[in-house]
Amino acid sequence: MILKLYGSKECHKSNYYKTFLETRNLRYVFLDVIDNESNAEELRNLYDNRKLNFPTILLGKKKLRNPSDYELDKWINKLNES
């Protein structure tokens, strides 16, 4: 499974999650929501309030908004078990 990371290259938290995923050798797609309107619209569609809530990580159907390392590891491990 490929993870999706919605964020901005100027956002320090988005960059933190990029490093987090890379150091665990996880494949992911980075979707910049500032430079690309279709990525922004995709992110807005994930939330009822239609706001650009980033960074957001999408693992299958599970969305994590600005998760802790522990929470992100927990969901990644759950996906690896299935």
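This tour moves through a predicted model, beginning with its sheet and ending at two single residues.

Start by selecting the four strands of the open sheet, which stand in the order β2-β1-β3-β4 and have mixed pairing. The edges are formed by β2 and by β4 (62–65), each of which pairs on one side only. Averaged over the sheet and with direction ignored, neighbouring strands are turned by 20° against each other.

Next, keep β1 (3–7) in view and add β2, residues 28–32, which runs parallel to β1 and is joined to it by five bridges. Within this pair, Tyr6 has Leu31 of β2 as its bridge partner. If you follow the chain from β1 through α1 to β2, you trace a β-α-β crossover that is right-handed.

Now turn to the pairing of β1 with β3, which is antiparallel and extends over three bridges. Here Lys4 can be selected together with Leu58 of β3, the residue that it stands opposite. The helix α2 packs on the sheet, where it touches β1, β2 and β3, and its direction makes about 105° with that of β1. Show α3 as well, which lies across β3 and β4 and runs at about 15° to β3.

With these elements in place, select the largest nonpolar core, which has 11 residues, including Leu3, Leu5, Tyr17, Phe20, Leu64 and Ile76. Two or more residues of this core come from each of β1 (3–7), α1 (12–23), β3 (56–59) and α3 (69–81), and α1 gives the most, with three residues. In soluble globular proteins, nonpolar side chains tend to be buried together. Leu64 is a useful residue to centre on, since beyond four places in sequence it touches Pro55, Thr56, Ile57, Leu59, Glu71, Leu72 and Trp75. Apart from the largest core lies another, of seven residues, among them Tyr6, Ala40, Leu43 and Leu58.

Two single residues remain, and for the one in helix α1, Ser14, you may ask: is Ser14 buried or exposed? Ser14 is buried, because its relative accessible area is 0%, under the cut-off of 20%. Leaving aside neighbours within four places in sequence, Ser14 is in contact with Leu5, Gly7, Ser8, Phe30, Phe54 and Pro55.

Finally, go to Asn36, in the loop between β2 and α2 (37–44), where the relative accessible area of 30% makes this residue partly exposed. The side chains of Asn36 and Ser38 are joined by a polar contact of 2.6 Å. To end, select Asn77 too: Asn36 and Asn77 are 41 residues apart in sequence and 30 Å apart in space, C-alpha to C-alpha.

Key. Residues numbered from 1 in each chain as written. Predicted model: local features only at pLDDT ≥ 70, side-chain atom pairs only at ≥ 80, totals over all residues. Heavy atoms only, no water. Core = buried A, V, L, I, M, F, W, Y, C linked by side-chain atoms within 4.5 Å. Buried < 20%, exposed > 50% of the residue type's maximum accessible area, 1.4 Å probe, protein only. Contact = heavy atoms within 4.5 Å. Pairing = 2+ DSSP bridges. Right-handed = clockwise from strand over helix to strand, strands pointing away. Polar contact = N/O pair within 3.5 Å; in protein donor to acceptor, adjacent residues only side chain to side chain. Axes fitted to C-alpha atoms, helices over the stretch in contact; angles between N-to-C directions.
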